[in-house]
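Hi,

Here is the structure I promised to pass on. Have a look at it first, and then read my notes below.

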Amino acid sequence: MIKISCQEQLLPGESLQAKWDFAARAGYDGIELRAKGDFAFRDRLPELRQAARDGVPMPSVCVDMLHFIGAFDADLRRDAIAQLRSQLSVIAEIGGSVACTPASYGMFSRRLPPFEPPRTPDADRAVLLAALSELGAHAEANGVTLVLEPLNRYEDHMVNRLDEAVSLIDEAGSRGLRVLADTYHMNIEEDEPTSALVKTADRLGHVQVSDSNRFQPGAGHIDWGALLGTLDAIGYDGHLAVECRLRGEPTAAVAAIPGYLRRWS
């Protein structure tokens, strides 16, 4: 049976324990955490340790910062790397296995004026490889995985498709690196999402799910039967982490997602 987790901000409740009580009743298998900058995730360690002791499964963490490893400014890049190193260490300590990051978010798009970024494609690749090499080694040393997420062309100009992410992690050359497939971004960027998943099978480390319009699964036009069938066929055994906006009454919408996905699986 597929494993489904939900990002923490979507779940009702004031504490992780309360959120997990709701999530478990709804049929989820874990909570995907969010990690803000300024070492906020590290500062949550007392809360996270207590939740782990209470049996809350927290398999993954998704970065939630204002700058990322592909930033144009060198100081911002160094800070993003330091934040991710810390997040990898924390997720390992609480029994999780995956930390997620894109190359950037909202920094530049070749689809909007002025169209040409202030750094060449070769220079983009160089800064990403430097960051990924360092972070992959740190992830490997901690027994966890950093997954690189391609974003759509309007949110990032560097890594938009799964094959681009595969190329980067292969060149970085660490067993601590894998690829994240997000169904919303794939719906925009991949010629055919299921074929892209098959080609990425050996490098796939995490999946985030929302529908074609970024709302919850079932609110758009993604073919969930084909997509989930493909994940099963390639042997993906990680979580499907729900990362979406919600249409309808929020609590009911979140509660309905596991049942909807499992009907298609």
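Which residues of α8 meet which residues of α9? On the α8 side they are T194, L197 and V198, and on the α9 side A226, L227, T230 and L231. Before going further, keep in mind that this is a predicted model.

Back to that helix pair. Helix α8 covers residues 193-200 and helix α9 covers residues 224-233, and their axes are 9 Å apart. The packing angle is about 10 degrees. Angles under 35 degrees count as roughly parallel, so α8 and α9 are roughly parallel to each other. Sorted by class, the residues in the contact of α8 with α9 are five nonpolar and two polar, with no charged ones.

As for annotation, the unreviewed UniProt entry lists a domain, "Xylose isomerase-like TIM barrel", over residues 21-262. In the model, that span is 45% helix and 16% strand, and its end C-alpha atoms lie 20 Å apart.

Next, the cysteines. With a cut-off of 2.5 Å between sulfur atoms, the disulfide count is zero. C6 is in no disulfide, and the nearest cysteine sulfur to it, that of C244, is 7.0 Å away. Seen from the other end, the closest cysteine sulfur to that of C244 is the one in C6, and 7.0 Å is too far for a bond. Are these two cysteines buried or exposed? C6 is buried, with a relative accessible area of 0%. C244 also counts as buried, at 10% relative accessibility.

Now for some backbone details that I'd look at on screen. Most residues other than glycine have a negative phi, and most peptide bonds are trans. Here are the places that caught my eye:

- The peptide bond from P113 to P114 is cis, with omega near 10 degrees. P114 sits in the loop between β4 (98-102) and α5 (121-141).
- F115 is in the loop between β4 and α5. Its phi is positive, near 75 degrees. At 42% relative accessibility, F115 counts as partly exposed.
- F39 has a positive phi too, near 60 degrees. This residue lies in the loop between β2 (30-36) and α2 (40-43), and at 24% relative accessibility it counts as partly exposed.

I also went through a few loop residues and one strand residue, looking at what they touch. For the contacts below, neighbours up to four places away in sequence are left aside.

Where is R203? It is in the loop between α8 and β7. R203 is partly exposed, with a relative accessible area of 31%. Its contacts are V166, I169, D170, R178 and V179. From R203 to V144 there are 59 residues in sequence and 14 Å in space, C-alpha to C-alpha.

G220 is in the loop between β7 (204-209) and α9. With a relative accessible area of 33%, G220 is partly exposed. It touches D211, S212 and N213. G220 and T251 are 31 residues apart in sequence, and their C-alpha atoms are 19 Å apart.

T145 is the strand residue here, in β5 (residues 145-149). T145 is buried, with a relative accessible area of 17%. Which residues does T145 contact? They are L88, S97, V98, A99, A139, G176, L177 and R178. Note that R178 is also among the contacts of R203.

N160 comes after that strand, in the loop between β5 and α6 (162-172). Is N160 buried or exposed? At 13% relative accessibility, N160 counts as buried, because the cut-off for buried is under 20%. N160 is in contact with P150, L151, N152, R153 and E189. The C-alpha atoms of N160 and C100 are separated by 15 Å, with their positions 60 residues apart along the chain.

If you only have a few minutes, I'd go to the cis peptide bond from P113 to P114, then to the positive phi of F115, and then to the contact of T194, L197 and V198 with α9.

Cheers

Key:
Residues numbered from 1 in each chain as written. Predicted model: local features only at pLDDT ≥ 70, side-chain atom pairs only at ≥ 80, totals over all residues. Heavy atoms only, no water. UniProt positions renumbered as here; feature names shortened; annotations may be inferred. Helix = DSSP H or I, 4+ residues; strand = E, 2+ residues; numbered from the N terminus. Buried < 20%, exposed > 50% of the residue type's maximum accessible area, 1.4 Å probe, protein only. Axes fitted to C-alpha atoms, helices over the stretch in contact; angles between N-to-C directions. Parallel < 35°, antiparallel > 145°, perpendicular 65-115°, else oblique. Contact = heavy atoms within 4.5 Å. Nonpolar A, V, L, I, M, F, W, Y, C, P; charged D, E, K, R; others polar.
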